[in-house]
Structures are given as C-alpha cells and as structure tokens.
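User: Could you take a close look at a single part of this model for me? I'd like one connected walk through it, starting from a single residue and going on from there.

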Amino acid sequence: EMKMKDYQFIGYLMNQCTAITTICSTRIYHGVAPQTSSLSSLLPFITYYQLPGGARSNGLCHPIYSVNCRAANAATARDLADEVSKLFGGTCGTGCIGIASTFVAERMSVVRDTGIIPETDCFNAPVDVLLVYSVDTVS
C-alpha cells in the first residue's frame with residue numbers, strides 16, 4: 001500500500017488524470033511554480049498549496065488545498081479548472097479514492113492574474129479542494 005503525504009496525494013491524483021495532463025502536461029507544482037526567466041513558457045500549469053486552518057478532529061484530517069489553474073487565456077484556465085473539479089468532485093459532488101474522500105469546497109471565477117507573470121496575459125481559475133481522510137491513512 002502506497003503511503004504519501006496529503007499534498008503528494010493531491011498531486012498524484014492530478015498527474016494520473018489524463019484530462020488534466022492533456023491540457024497542462026505534468027506542469028503541476030506544489031507551492032510555487034519553478035523560478036524561470038519566462039514563466040509564460042510554462043503555461044498552462046497548475047500550482048497548489050494547503051490553505052491555513054486545515055483541521056483535525058475525531059480522528060479525521062480535513063485540509064483544504066487551493067488548486068490554481070493558470071493559462072494564457074481564460075478559456076483554457078476554465079477548461080483546466082473544469083477537469084480539476086471533475087476529478088476531485090466526481091459527478092455527485094464527492095469522489096472517493098480508497099479511504100480518502102475529496103470534495104470541491106469552492107470554485108472561483110476566472111481572474112486575470114497580473115502578479116505572477118507581469119510580462120504576459122495570464123488567467124487563473126482557482127478551485128478549492130477539501131481532502132478528508134483518517135489520521136492513520138496518510139503518513
């Protein structure tokens with residue numbers, strides 16, 4: 001049985017999802033995107049990180065991750081966010097993978113992202129993903 005930290009699990013699921021990698025290949029980064037002189041050459045890509053306040057109660061951990069889907073145009077960012085939502089939300093609002101469950105906590109609208117790549121248009125479609133698992137599931 002494969003043991004991984006919850007942030008690795010989120011990344012693993014996205015990297016295993018063909019609908020996502022068809023759009024952004026394996027440019028899926030935990031934390032910040034790689035430091036490069038031209039971030040625009042990486043587009044489209046995903047960055048994701050845990051939001052503050054991931055709680056633990058009654059033997060369950062339930063961290064929330066912000067998954068930022070960035071692309072050179074709004075349509076591609078939205079398409080990427082759609083696939084992230086499908087992956088983590090499933091068709092009925094929950095997706096269960098083994099003994100961990102994922103839920104889409106919030107889906108934000110696409111925004112023009114001026115801060116991350118000043119030299120080019122970049123759009124970000126954030127999706128907040130809630131991961132719920134029992135404390136002994138993930139190392």
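Analyst: Sure. Bear in mind that this is a predicted model. Let's start with Pro-34: setting aside neighbours within four places in sequence, Pro-34 is in contact with Tyr-29, Leu-39 and Leu-42. As for where Pro-34 sits, look at the loop between β1 (28-30) and β2 (45-50). Pro-34 has a relative accessible area of 34%, and the band for partly exposed runs between the 20% and 50% cut-offs, so Pro-34 counts as partly exposed. If you want a distance across to β2 (45-50), try Thr-47: from C-alpha to C-alpha, Pro-34 and Thr-47 are 9.9 Å apart in space, with their positions 13 residues apart in sequence.

Now on to the aromatics. The structure has two aromatic pairs. In one of them, the ring centres of Tyr-48 and Tyr-65 are 6.2 Å apart and the planes make an angle of 55°, so this pair is tilted. The cut-off that matters here is 60 degrees, since only planes over that count as edge-to-face. The pair also ties together distant parts of the chain, with Tyr-48 in strand β2 and Tyr-65 in strand β5 (residues 64-71), 17 residues apart. Are these two tyrosines buried or exposed? Both Tyr-48 and Tyr-65 are buried.

From Tyr-65 in β5 we can step straight across to β9, as β5 and β9 run antiparallel and are joined by eight bridges. One spot to check there is Val-67, whose bridge partner in β9 is Val-127.

Strand β9 (residues 123-134) deserves a look of its own: ten of its twelve residues are buried, so the strand is largely enclosed by the rest of the structure. You can go through its other pairings one at a time. Strand β7 (residues 100-107) runs antiparallel to β9 and is joined to it by six bridges, with Glu-106 bridging to Asp-128 in β9. Strand β4 (residues 60-62) pairs with β9 in the antiparallel sense too, over two bridges, and there Cys-61 stands opposite Tyr-133 of β9. Then there's strand β8 (residues 111-112), which is antiparallel to β9 and joined to it by two bridges; Val-111 is the residue to find, standing opposite Asn-124 in β9.

So the walk goes from a partly exposed proline in a loop, by way of a tilted tyrosine pair, to a strand that is largely enclosed.

How values were computed: Residues are numbered from 1 along each chain as its sequence is written. This is a predicted model: local features need pLDDT of at least 70, side-chain atom pairs count only at pLDDT 80 or more; totals for chains, interfaces and linings use all residues. Side-chain values use heavy atoms; hydrogens and water are left out. Helices (H or I, at least four residues) and strands (E, at least two) are DSSP runs, numbered from the N terminus. Buried means under 20% relative accessible area, exposed over 50%, partly exposed in between (1.4 Å probe, protein chains only). Contact means heavy atoms within 4.5 Å. Rings of Phe, Tyr and Trp (its six-membered ring) pair if their centres lie within 6.5 Å; planes under 30 degrees apart count as stacked, over 60 as edge-to-face and the rest as tilted. Two strands pair if DSSP finds at least two bridges between them.
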